[in-house]
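Work through the exercises below with the sequence and the coordinates at hand, and try each task before reading its solution.

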Amino acid sequence: MSEASNDATQEISLNSAGARPLFQLSLMGKVGAGILLFWIIVALVGPYVAPFHPADFASDDSFGPVSAKYLLGTDYIGRDILSRLLHGARLTMALSFTATVLAFVVGISLGFTAALAGGWVDMVISRIYDAFLSMPTIMLGLVVIAALGSSIPVLIITAGLIYSCGLYRIARALAIEIKVMDFVEAARARGERLPWIISREILPNAVIPLVSEFGLRLVFSILFISGLSFLGLGVQPPTADWGVMVRENLGGLVYGSSAAFVPAAAIASLTIGINLIVDDFSAQRGQEIAEEMI
Amino acid sequence: MWLVVLRRLGLGIITLWVVSLLVFAGTEILPGDVAEAILGQSATPEAVQAIRDQLHLDRPAVVRYADWLTNLLRGDLGVSLAANMEISEMISGRFKNTLVLASLTAALAVPLALAMGLAAAMFPGGRVDRLVTISTLFLLSVPEFFIAATLVLVFAVHLQWLPAITYMTEYESVWQLMESLALPILTLTTSVVAHMARMTRAAIINVMTSPYIEMAILKGVPRGRIVLRHALFNAVGPVVNVIALNLAYLVSGVVIVETVFAYPGLAKLMVDAVSRRDMPLVQACAMIFCTAYILFILIADVLAILANPRLREPK
């Protein structure tokens, strides 16, 4: 009895002694975190501080210049760009975040299931994913949207399923690696069931690689969804979405209007910010940023 | 060795077949009637019936798939729903335009990426390396339309050096054609180079960790000579692999770039077909792009097998 409690205290003290932060951000990482934080705040409060309604024809000028009233100018039908940008932040970020969460849930649960079940379950799931990975993601997206038409659920589910491919592979590999380790064997021997083993033994050990994966998939989802919106096949106008804003104002670019450039730069800063954090994170784990951007 | 290569080729053909299944299944995942979905709620029964006849929707999906595949193999791509034209006629000129764009981009991007990757790998962690890694990280993070918008604002609007739209019809001289192609090519190059340079750098640095390089360093061979004479030859396999893989990225790049510059290529045609829900045309374009993609990856793998004796033996 006394021995057991002794063990417990020792474990706690060990934990608190080793409780250094998961990772320390470098300067670039901090810049990235700052950018991400800024856009998260914009997404949360943006619609409340926007000077105009995003669908308001606030000005008679199309492609109006930057002025005190219209801080970022007006778009092709005289709507205030700043207001549309503030409103669009929420949609653009929420869409890709939801898709990434979906990718995570689907990819990780299938990956762990495949690794632990093995045999034909593993083979069937793996072959299906192989089939999806044999097409460039944009082609997959285009075919699905040609068939189903574009709507927000279709966008989220398509992006989520496409990016679950990568997560499936990672989760499966991690689980196979961890599966044979002693503590999992021990849990199995104790007679623990599969869900318990996944949630209490395997998942905690896979957290760190999966966090940087999350950032990476988030970037892919942002690029994928805003790319489709830019092609006119994602979010539909007049909804304020960054990809849509780039598309509708593209014609003004040749006259020197920044109406298309501003939302494009917003997307770029967001994705750069996230990638700076991810890069920092993976550099500290001695890994190159994964290069599968298709 | 040839057995391994042959096996890889076989795998490529199987992959292509799976892709054809996926592309065709795209039409079948529609809940309800394809013809009604394509035309929308307000369609007249006659119009719906016409589409149904044209797509032979009265026949089972398996039969339609078999027909479609055999026609595809014979080079018959079918008839577009929206334009009511032979698809092969519609795409021949477009395909050429996209090929021009892609090959000029490759001609520019490959040497540039190699130079950047080599320069960065020369002194890992050095000033050049940091510049290359950070700038490529930025470039591969941003969407292609951001790169395009920036280049248009700089080169077409402020400097007025280059035109912002590419028509590809009548040009007085080759120079004029090049001028109008410059911005699309620059955009595509920028987005492809980022990946290619990073992966080239990684491939060379990987070779640089081997003992024989350490030996060369210890006996005092200059750094440039080590990279160019010692490391590069053993890195040729992985580097060529990297290049072929990255040329496959062009497939997704052209979709955005052709839309930005209203470039009359195959990708623009496909995007228009998707918004009109012209399924036969979407399927044909998707098959062409996916074939190109699979082909590049196949070439990358075969080159890797040829360059690395360890991959040559069948497992």
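The exercises that follow concern a predicted model, and each task is followed by a worked solution.

**Exercise 1. Describe the secondary structure of chain A, its burial and the range of its contacts.**

Begin with the elements: chain A comes to 10 helices and 0 strands, so that reading from the N terminus gives the order α-α-α-α-α-α-α-α-α-α. Turn next to burial, where 47% of the 294 residues of chain A count as buried. Finally, take the contacts in chain A with a separation of 6 or more, and note that 68% of them involve residues 24 or more positions apart.

**Exercise 2. Analyse the span, the bend and the buried residues of helix H2 of chain A.**

Helix H2 of chain A covers residues 27–49, which makes 23 residues, and reaches 30 Å from its first C-alpha to its last, close to the 33 Å expected at 1.5 Å a residue. Following the axis, one finds a bend of about 45° at Ala43(A), with a proline, Pro47(A), following within four residues. The buried residues of H2(A) are then listed as Gly29(A), Gly32(A), Leu36(A), Trp39(A), Val42(A) and Ala43(A). For reading such a list, recall that an α-helix has 3.6 residues a turn, so residues three or four places apart point the same way.

**Exercise 3. Characterise the packing of helices H3 and H4 of chain A.**

The axes of H3(A), residues 81–117, and H4(A), residues 119–133, come within 7 Å and cross at roughly 145°, and this crossing is left-handed. On the side of H3(A), the contact is made by Leu110(A), Thr113(A), Ala114(A), Ala115(A) and Ala117(A), while H4(A) contributes Gly119(A), Val121(A), Asp122(A), Ile125(A) and Ser126(A). Sorted by character, the residues of this contact divide into 6 nonpolar, 3 polar and 1 charged.

**Exercise 4. Determine which helices of chain B supply the side that touches chain A, and of what character its residues are.**

The count comes first: 46 residues of chain B are in contact with 40 residues of chain A. At least two residues of that side of chain B come from each of H1 (2–28), H6 (127–141), H7 (144–158), H8 (174–208), H10 (223–260), H11 (266–276) and H12 (279–307) of chain B. By character, the residues on this side divide into 36 nonpolar, 8 polar and 2 charged.

**Exercise 5. Is Leu3(B) buried or exposed, and why?**

Leu3(B) lies in helix H1 of chain B. Because Leu3(B) has 10 C-beta neighbours inside 10 Å, and a residue with 12 or fewer is exposed, Leu3(B) counts as exposed.

Terms used:
Residues are numbered from 1 along each chain as its sequence is written. Chains are lettered from A and ligands numbered from 1 in the order in which they are written. This is a predicted model: local features need pLDDT of at least 70, side-chain atom pairs count only at pLDDT 80 or more; totals for chains, interfaces and linings use all residues. A residue is buried if 20 or more other C-beta atoms lie within 10 Å of its own, exposed if 12 or fewer, and partly exposed in between; C-beta atoms are placed from the backbone. Two residues are in contact if their C-beta atoms, placed from the backbone, lie within 7 Å. Ala, Val, Leu, Ile, Met, Phe, Trp, Tyr, Cys and Pro count as nonpolar, Asp, Glu, Lys and Arg as charged, and the others, Gly among them, as polar. The expected span of a helix is 1.5 Å times one less than its number of residues. The bend at a residue is the angle between axes fitted to the seven residues ending there and the seven starting there. Axes are lines fitted to C-alpha atoms, for helices over the stretch in contact, and angles run from 0 to 180 degrees between N-to-C directions. A crossing is left-handed if the near helix is turned anticlockwise from the far one by less than a right angle, and right-handed if clockwise.
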